[in-house]
Amino acid sequence: MYLEYIKSAISSIRSNKGRSFLTMLGIIIGISAVLTVLIIGDGMKSTVNSEMDSIGATTISVSLDNTKTDKTITMEQLRMIEDNIDGIMGVSPSTNMGGNFVNGLKSYECYLTGGTEVTVNASGKKMLHGRYYSKNDVQEVKRVIVLSQTAAKKLFGYEEVVGNTMELDAYGNVAEVTVIGVREDTTMDTAFAMFDEEPTLTGDMPYTTLADIYQFSVDDNRSFSIYLDSENKDEVLATTRSVVENILGIRGENAVKIQSSMGFDQTTDSILNIITSVVAIIAGISLLVGGIGVMNIMTVSVTERTREIGIRKSLGARTSSILTQFLAEAAILTFTGGVIGIAFGLTVSYIICRVIDFTFTVNPVLVAIVVIISTSIGLFFGIYPAKRAANLDPIEALRME
């Protein structure tokens, strides 16, 4: 019986192809608009989170309050802290220094980041040429440097500069350093390169080498960073303070300050979710318009087929049968429009994500929900004309011309 209802609905749709297409058009536009907005929103969140990781979103910063303790952290104590905190990639002192890169007649202001070999694991730095500095480089205080992509091009005129040497002017103390690697620019590198009229170039060096060139003690640290996966932040945060206080012998002094980017990550996600939701709601208005279009066309269909309905009812067709037939027609229209809208939305969102360099991710659950919503719209807006058709008096219907 239900198969007959579906056949009858399809026959009615095919007999009015133009009108059926215009009815589906509103649903197609609405579904594709909502799906495109949601997919681009997910891609935007994924891209932003990736960019946050590239500027240190997977780090926990630990420092000592100099108003409550005059102690400093030695390299040996840093190794002990690293060994006593589970679920981390490693620990590194936090040091940034300025100066100038000099290569022949070229000289640029520089911003150097000093650390241990673990910094590359969690900072999103991708190597283009050569390698990052190693544990051996750190321990042996080797005068090596990893340049950003922009720094290599500015200093040497090309990108593949591994093995070349240059000078680092550390406020009057000049040291020759060897380039062992070139890494892809991060957001921070790009920002520094846009400072003032002359760019500020960036590079990474072993912490011990920076200490040697700039003449400060490696055992005189008051801050360090813990590198980890974002998934482990809660566990690491729960144990970091007690581990640091125990190793430094400052329990109860409340001298350890801990800063995490986790709250910022959550805030960023919340803002992006709100933006995506608002735009999706606006796009969803077109679905409402499409649903009203379905109701309007179905009402016209009922009016045109009044005599047919009267004949069927006079021959014994039940009210529920008439209701089901018209609901099936509305559901088929919106389901078909939904499927076409999904295909169109996926295509458009893929093209947009590729053009603006967002991550293209499709959630199958989201697609299934969109299909359900499109069919539900047909049933909801098809109820009024279907009930109107089902409740027609057969005698009055047969009088209709």
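This passage describes the fold, strand pairing, helix packing, a pocket and some backbone features of one protein. The model is predicted.

The protein has 401 residues, and 44% of them are buried. Its secondary structure consists of 14 helices and 11 strands. Contacts between residues with a separation of 6 or more were also examined. Of these, 77% join residues 24 or more positions apart. The accessible surface is about 20100 Å². Carbon and sulfur atoms account for 58% of that surface.

Several strands pair with one another. Strand S1 covers residues 59-64 and runs antiparallel to S10, with 5 bridges between them. S1 also runs antiparallel to S11, again through 5 bridges. Ser61 takes part in both pairings. Its bridge partner in S10 is Ser225, and its bridge partner in S11 is Gln259. S10, residues 223-228, pairs with S2 as well. That pairing is antiparallel and has 5 bridges. Here Val91 is matched with Ile226 of S10. In a regular strand, side chains alternate between the two faces of the sheet.

Strand S2 spans residues 88-93. Of its 6 residues, 5 are buried, so the strand is largely enclosed by the rest of the structure.

Two helices show how buried residues can be arranged around an axis. In H3, the buried residues are Met75, Gln77, Leu78 and Ile81. Seen down the axis of H3, they fall within an arc of 155°, so they line one face of the helix. These buried residues pack against S2, H8, S10 and H9. An α-helix has 3.6 residues a turn, so residues three or four places apart point the same way.

Helix H6 runs through residues 149-156, and its buried residues include Gln149, Ala151 and Ala152. Leu155 and Phe156 of H6 are buried too. Together, these five cover an arc of only 165° around the axis, which puts them on the same side of H6. Just after H6 comes Gly157, with a positive phi of about 90°.

Next comes the second largest pocket. Rolling a probe the size of a water molecule over the atoms shows where empty space is left. The second largest pocket has a volume of about 280 Å³. It is lined by 14 residues. Closest to its centre are Met75, Arg79, Thr116, Glu117 and Lys135. Three elements give two or more residues to this lining: H3 (75-84), S2 and H5 (135-139). H3 gives the most, with 4 residues. Met75 of H3 is thus listed twice: it is buried, and it is among the lining residues closest to the pocket centre.

Positive phi values also occur in residues other than glycine. Gln215 has a phi near 60°. This residue lies in the loop between helix H8 (207-214) and S10. Gln215 is exposed, with a relative accessible area of 66%. Asn254 has a phi near 50°, which is also positive. Its place is the loop between helix H9 (233-248) and strand S11 (256-260). Asn254 counts as partly exposed, at 47% relative accessibility. The cut-off matters here: a residue is called exposed over 50%.

Definitions and conventions. Residues numbered from 1 in each chain as written. Predicted model: local features only at pLDDT ≥ 70, side-chain atom pairs only at ≥ 80, totals over all residues. Heavy atoms only, no water. Buried < 20%, exposed > 50% of the residue type's maximum accessible area, 1.4 Å probe, protein only. Contact = heavy atoms within 4.5 Å. Areas by Shrake-Rupley, 256 points an atom, 1.4 Å probe, with all protein chains shown as cover. Pairing = 2+ DSSP bridges. Arc of directions from axis to C-beta. 1 Å grid on protein atoms, 1.4 Å probe; cavity = no way out; pocket = protein on both sides within 12 Å on 5 of 7 lines; lining within 4 Å. Points joined across faces, edges and corners; volume = space filled by probe spheres on them.
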